[in-house]
Each structure stands twice: as C-alpha cells, then as structure tokens.
Amino acid sequence: MKILILCTGNSCRSQMAHGFLQSFDSNLQVYSGGTKPAARVNTRAVEAMAEVGIDISSHRPTDVAVYLSDKWDYVITVCSNADATCPVFAGKVGKRMHIGFDDPSDAVGSEDYVKSEFRRVRDEIRQEFAKFYLTEVKKLQLPKCDCNE
C-alpha cells in the first residue's frame, strides 16, 4: 500500500506523520511531500519524534511534483487550514483524506512552551494516524471472507 502525506513545507507535521505510519507497519510505502518544501526537516520535530523512539533525522523535504505521476492508495493532507495552505494533489489517487493539525513551528514563546507545542502536535498526530491505520489500512488488508464456503 502506498500512502503520500502532504503539507506545504514538508518539514514538520507531514514528516512526523510519515514517521508514525512507517513505525506502525514497515510494509507500508510511506512518502511525504510539500508544495514549497523547506530546506530541511524542522529540528524540533526531529527531537520530538526521538523522544518517542522514532528517528526522522534522515528524512528530507521533497517537492510534491516528484510524486505526481505515481499511483497512490491514499493521499492525506495534514495542514490545519487545508483550503489556504495545503497542496491540492491531482495525481492518481484511490482515496483523498484530510487530517489537520496546528503547525507547531508557528508557536511563539519560551523554549519550554515551544517544545510543549511540538509534543502536543506530535501526540495528536500519533493518535489520529493510529486511528487511520486501524480503521483504513488494517481493514483493507484483512483477508476477504468467502461466506459461501
């Protein structure tokens, strides 16, 4: 199963979601991209994920254009304001979904407060993508029953 996670900068929320989905099932083909990819993954996102045992330090922001000709089972946007900031993906997609989150990189204040926002959003991403995995992915991979046997 191929899943693409999209955001604008592909440096934070989409990278965390990518890391969680891959940790749930290493057989999934998970990718992430953005319409205006940042130069690198946000270091605070890397740190927040490391706190829960997931290493995304080798991830790199990727332009969504790289994926336009690919076929996807799911394309999921994660920007909290999808209409204004997230890319519209017009590729070959089985199912489009939006699972929105606040952008923790917008947090302003003390270092403790900013870190707490990254942790809060990380935990929300883990919860929502675990729900997606269990209700969408696992459901699709269950063996089909031939009830006439």
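1. Start with helix α2, residues 43–50. Its buried residues are Ala45, Val46, Ala48 and Met49. Viewed down the axis of α2, these buried residues fall within an arc of 165°, so they line one face of the helix. Bear in mind throughout that this is a predicted model.

2. Look next at the start of α2. Here Asn42 offers a side-chain oxygen, which reaches to within 2.8 Å of the backbone nitrogen of Arg44.

3. Now turn to Asn10. It sits in the loop between β1 (2–7) and α1 (13–24). Is Asn10 buried or exposed? Its relative accessibility is 1%, so Asn10 counts as buried, the cut-off for buried being under 20%.

4. The side chain of Asn10 makes polar contacts. One joins it to the side chain of Ser14, at 2.9 Å. In addition, a polar atom of the Asn10 side chain lies 2.8 Å from the backbone nitrogen of Thr62.

5. Which residues surround Asn10, once neighbours within four places in sequence are left aside? Asn10 is in contact with Gln15, Ser32, Gly33, Gly34, Arg60, Pro61 and Thr62. Thr62 is thus both on this list and a partner through its backbone nitrogen.

6. Asp73 belongs to strand β3, residues 71–79. With 36% relative accessibility, Asp73 counts as partly exposed. Not counting residues up to four places away in sequence, Asp73 touches Met1, Lys2, Gly94 and Lys95.

7. Lys2 deserves a second look. Its backbone nitrogen lies 2.7 Å from a polar atom of the Asp73 side chain. Lys2 also lies over the face of Trp72, at 4.4 Å from the ring centre.

8. Check one further distance from Asp73. Lys92 is 19 residues away along the chain, and the C-alpha atoms of Asp73 and Lys92 are separated by 8.5 Å.

9. How many aromatic pairs does the whole structure hold? A search finds 8. In one of them, Phe129 and Phe132, the ring centres are 6.0 Å apart and the planes are at 65°, so the pair is edge-to-face.

10. Where do Phe129 and Phe132 lie? Both are in helix α4, residues 111–141. They are 3 residues apart, about one turn of the helix. Phe129 is buried, with a relative accessible area of 0%. Phe132 is buried as well, at 3%.

11. Finally, the wider aromatic group. Ring pairs link Phe129 and Phe132 with Tyr74 and Phe101 into a cluster.

Note on methods
Residues numbered from 1 in each chain as written. Predicted model: local features only at pLDDT ≥ 70, side-chain atom pairs only at ≥ 80, totals over all residues. Heavy atoms only, no water. Buried < 20%, exposed > 50% of the residue type's maximum accessible area, 1.4 Å probe, protein only. Helix = DSSP H or I, 4+ residues; strand = E, 2+ residues; numbered from the N terminus. Arc of directions from axis to C-beta. Polar contact = N/O pair within 3.5 Å; in protein donor to acceptor, adjacent residues only side chain to side chain. Contact = heavy atoms within 4.5 Å. Phe/Tyr/Trp six-rings, centres within 6.5 Å; stacked < 30°, edge-to-face > 60°. Lys NZ or Arg CZ within 6 Å of the ring centre and 35° of its normal.
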